[in-house]
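Hello,

Here is the structure I promised to pass on. Have a look at it first, and my notes follow below.

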Amino acid sequence: MMDDPVLIALAGIALMIVLMMLKMPVGFAMLLAGVVGNIFVMGTEGAFHLLAGDVWGQFASYGLSVIPLFVLMGNFVFRAGVTDSLYRAAYQWIGHLPGGLAATTLLASMGFSAVCGSNSATTATVGTIALPEMRKYKYDKVLAGASVAVGGTLGVVIPPSVVLLVIAVQTEQSIGKLFVAAIIPGLILTHLFLATVYLYCRRNPELGPAGPLASWSARLSSLAGLLDILLLFLLVIGGMYAGWFTPTEAAAAGAFGALVLPLLRRRLSWENFRLALFDSLRVSSMVVLMVAGAVVFGRFLTVTRLPFVLADWAAALPVPPFVILSVIALIYLIGGCLMDALGFLVVTIPIFFPVAMALGYDPVWYTILITILTTMGAITPPVGVNVFIVHGLAPEIPVHSIFRGIGLFVAAYAACIVLIWVFPQIVLWLPSLMY
């Protein structure tokens, strides 16, 4: 009975899930399940020949160096304390509005996401500055915690996103095209968050008291704090758009710029430089291990032909393609609630990506859609990693209260997803100009 390749594939998936339930890291679980599955299908010698060829071919790729370089860029910016200037500048411009500090937190998160690429790093960095400020101005604890956690999710959506980098490598898509495609959805999501804060605080001013109105001279002088972030974003994304750099060259230029600018301003100490290197090595190792596991597990599924069987089955179903895509979207929404967004995407891409392609959907549009869907898991129970980071920064805010505050922003996420689904050009228009 187990001679059926599809049954072997399902058994391999079951093994991977069991390993993850036993708290094995996602990368190791995928790697082990893929190796065991390949041995079962091809024998030991064939499996290890395939393993050596695939892993070496992937990691000998020049393009894969883009991941540690973008991670290094974000860590240099973080350790240089650029976030503080970013937060102060945003507050000068919108702090006088209802919920101004919460809105400032969201704008600062958007700005930091443009050079960071991680939701947890964005949450921790901005939260360290924002939570004491909102506490000082007597902001509602639920709103304060939720705005930091929700703002952190922009780190996955707005380029350069580590999640989009990994998906691009895994599906052999253009990194530059995915980055450009994510810009408009990221801006839409940010403005929907801002509108949510404004509407709730205008209706209930005690939730987020408005701050003093800053003078125009203070506003204009605060823009100097945005200069480093703006220069780096223009260098990386603008350089790719203009054709000056490949994605890997853009990542190298961004990392170099993120090192030079703080050194020129004397904002990066030797200790912070060392910590930036250490953190970059740790995060990059984790991401690269996931990529290795995805390569091996994806090859196992390819050998068993499960993705192609699923794609043929889905294409032959007597229902419209959007019905099948709706089921896939629901799986990503639920999966993001149960495990880390990057881990869940890496695990499921080999299974569902061929199905979506067989249904005729654009790979860039599909990637942005599932990224936003899964990113919601970073702020929803039971995992909600951003929520636990906020609780760690502000233990006086109960976890259940932060989750309750997240509910305020669910409509914003839903509206963004619906807009992308109904109007695909929101995602595809900018890449069509560039490519």
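**What I found**

Helix α13 makes a good starting place: its buried residues are covered by elements that include α4 (66-79), α5 (82-94), α6 (100-113), α11, α14 (247-264) and α22 (425-434). Before going on, please note that this is a predicted model, where local features need pLDDT of at least 70 and side-chain atom pairs count only at pLDDT 80 or more, while totals for chains, interfaces and linings use all residues. Residues are numbered from 1 along each chain as its sequence is written, and side-chain values use heavy atoms, leaving out hydrogens and water.

Helices here are DSSP runs (H or I, at least four residues), numbered from the N terminus. Helix α13 spans residues 227-242 and has a kink of about 25 degrees centred on L235; the bend is the angle between axes fitted to the seven residues ending at a residue and the seven starting there. Its buried residues (under 20% relative accessible area, 1.4 Å probe, protein chains only) are D228, I229, L232, V236, I237, G239 and M240. After α13 comes G243, with a positive phi near 85 degrees.

Now the interior. The largest nonpolar core (buried Ala, Val, Leu, Ile, Met, Phe, Trp, Tyr and Cys joined through side-chain atoms within 4.5 Å) has 143 residues, and M16, F193, Y332, W365 and Y366 have the most contacts inside it. Helix α11 (residues 175-203) gives the most to this core, twelve residues. Leaving aside residues up to four places away in sequence, W365 touches (heavy atoms within 4.5 Å) L325, I420, W421, P424, V427 and L428.

Enjoy exploring!

Note on methods
Buried means under 20% relative accessible area, exposed over 50%, partly exposed in between (1.4 Å probe, protein chains only). Helices (H or I, at least four residues) and strands (E, at least two) are DSSP runs, numbered from the N terminus.
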